[in-house]
Amino acid sequence: DDKNPSFTVNDRTGQYRCWSCGEHGDVFTWVMKTQNVDFVEALSILAEHAGITLSRRGSPVSKTERAQHRTAMEDALGFFQEQLAKSSVAKEYLDKRGIDQDSVVMWELGYAPDVGSALASFLKKKGHSLPECRTLFLVDENSSGEYFDKFRGRLIFPIRDERGELVAFGGRLLGDGNPKYINSGDTPIYRKSRVLYGMFQAKDALNASRRAVLTEGYLDVIACQRSGVGGAVASLGTALSEDHAKLLKRWSDEVVILYDSDPAGQKAAERAIEVLAAETLTTRIALMPQGDDPDTLLRTQGPAAVARSVEQGKAPLDFKVDRLLERGDPKNKEDFWPEAISILADAPSEMELDRHLVRLAAIYPGNPNPLLAQKALRRDIAVERRRRRGMAPTTQRSRGSALTPKAVHELLPAEVTIFRAVVEEEHRFHAWTKMSLANPFLSDAAKDLAKALQEGFPDGPPAGEPRVWLHRVEPEENRLLVLRILEDPRLDRLTQPFVEDAFKSLHQQAQAREVTELRGNTASVEIMDRLRKLKPTYEKEHLDDE
């Protein structure tokens, strides 16, 4: 803010220095600090500016192609903006939504006329290849080989990446019809899972506050900006992705989720919490009146209401417990309480846990004493936390011996596969039937678990997800063993051939064990006869398998 020149660049050394704040470095440092990127990304950005092609895997877009793409996109934007200036219908829509001229200019809004090939004709006259424009999601081609506009009769929202490059467009239908929104698909210059709408415009606010406001759409971002809420961004026609979260992590430490208050919006908020947590971002969830989004809230209650919603955002634990109480039935022991325990096990502090235990203990079924209910809930939470850490639960001997941390490793890999198939609905009936008929298990842990499942469900495999029926499996160590099997990442894509191979493997191992045992005992003629019958079958299957 001082009036004397205090920023210098030394042409000879290629170094810059701010004599006011002390920042200094070279061109790479400058890009890394101003764009919040690492060295590799800074190198890529600077190479592109310098016209240098870095060698990398795949088929990179050449500088000439990229320049052509950018020119086509900018020409398309100019066309849309010119059409907006001419369209009384589009201006009337903007007035109705309360979007003033300053917002139109800031967000570079445009309009696509409801004409079949207006943009296509314009781009062709500008010398652009329509097949190339098709790859940019600007035009499309019909069966007769004629090109037509992808966006028609829509308000246009230009989409820039965090570096300010125009990479895509979004269009909102002004009249009735579906789809209400059309967004550019993935193109040579755009990946929707890596770009957030408004990020380029929000960078200054994010640098100042390190807090982002995550919304669902274009008009919500604009509404936040008009309400004085800086740092608003939105994912584009897709759920929040890991790459989105990584981008937010570069520019912020806290994210306020400002999604619609309808069930779909709240469900999306729950998923966003998990995605953001993976990047260790502090998260809060802003709640609005039922039926409102930031845009409608701004128009009905004014800027202060939007700002108030952001400032009064809830912590994830509060949000999840409130959601559970709104949609769940505390009298349903099989659904409500397992989910409640799972939520409370994520409590970031004992203080927050205590607060919610008091709430939930008051509605705990079958236990009128709140203190006893809290104790029961704490015990279940401790078991859940130990399960997540791969530890054995602390249980009394009268309830059976505790499950050791290595219990799942006591099973043979093929046994783990079969039990996973038994508890998954897609494979359950077939695996259960074959397990009951063949009794293929070799380890003691597997035999005990198979017995517990069959005793718990004498009439056949249970219906529904494991959380619905798992409580019927006794004793507790068997329930925990099933949970560990379900968490095994190696079995996330279980297939029927994989299950069949598991049964075959156990059969071969059983034969191998029997051959070994019989070889060690040659005193009986009957045993030798049995060995002669077993050996060819075992060796044939074993060699075929190898």
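Is glutamate 141 buried, partly exposed or exposed, and what is its relative accessibility? Glutamate 141 counts as partly exposed, because its relative accessibility is 30%, which falls between the 20% limit for buried and the 50% limit for exposed. This is a predicted model, so please read every value below as computed from that prediction. Let's walk through its salt bridges, its nonpolar cores, one helix and two of its cysteines.

**Salt bridges**

- Side chains of opposite charge can pair when their charged atoms come close.
- The count of salt bridges in this model comes to 30.
- Glutamate 141 takes part in one of them, meeting the side chain of arginine 134 at 3.2 Å from N to O.
- Arginine 134 is partly exposed too, with 40% relative accessibility.
- Salt bridges with shared partners join Arg134, Asp140, Glu141 and Lys150 into one network.

**Salt bridges between helices**

- Arginine 323 pairs with glutamate 270 in a salt bridge, and their closest N and O atoms are 3.3 Å apart.
- This pair links distant parts of the chain, with arginine 323 in helix 14 (residues 316-327) and glutamate 270 in helix 11 (residues 263-277), 53 residues apart.
- Arginine 323 counts as buried because its relative accessible area is 13%, under the 20% limit.
- Another salt bridge joins the side chains of arginine 359 and aspartate 322, at 3.0 Å from N to O.
- Because arginine 359 lies in helix 16 (residues 350-361) and aspartate 322 in helix 14, this salt bridge ties together parts that are 37 residues apart in sequence.
- The two partners sit in different surroundings: arginine 359 is partly exposed at 34%, whereas aspartate 322 is buried at 16%.

**Nonpolar cores**

- In soluble globular proteins, nonpolar side chains tend to be buried together.
- The largest nonpolar core here has 38 residues, and Leu109, Phe157, Ile159 and Tyr197 have the most contacts inside it.
- Both helices and strands give two or more residues to this core, including helix 4 (88-96), strand 7 (154-160), strand 8 (166-173) and helix 12 (294-301).
- Helix 9 gives the most, with 6 residues.
- Take a look at phenylalanine 157 in the structure: leaving aside residues up to four places away in sequence, its contacts include Leu109, Phe169, Tyr197, Leu219 and Ile222.
- Another core lies apart from this one and has 32 residues, among them Ala421, Val422, Ala450 and Ile485.

**Helix 19 and its two sides**

- An α-helix has 3.6 residues a turn, so residues three or four places apart point the same way.
- In helix 19 (residues 428-438), the buried residues are Arg428, Ala431, Trp432 and Met435.
- These four lie on the same side of helix 19, because they cover an arc of only 100 degrees around the axis.
- The face turned away from that buried side carries the exposed residues Phe429 and Leu437.
- Asparagine 439, just after helix 19, takes a positive phi of about 45 degrees.

**Cysteines**

- A disulfide is a covalent bond between the sulfur atoms of two cysteines.
- The disulfide count for this model comes to 0.
- Cysteine 18 is buried, with a relative accessible area of 14%.
- Cysteine 224 is also buried, with a relative accessibility of 0%.

Note on methods
Residues numbered from 1 in each chain as written. Predicted model: local features only at pLDDT ≥ 70, side-chain atom pairs only at ≥ 80, totals over all residues. Heavy atoms only, no water. Buried < 20%, exposed > 50% of the residue type's maximum accessible area, 1.4 Å probe, protein only. Arc of directions from axis to C-beta. Core = buried A, V, L, I, M, F, W, Y, C linked by side-chain atoms within 4.5 Å. Contact = heavy atoms within 4.5 Å. Disulfide = S-S within 2.5 Å. Salt bridge = Lys/Arg side-chain N within 4 Å of Asp/Glu carboxyl O.
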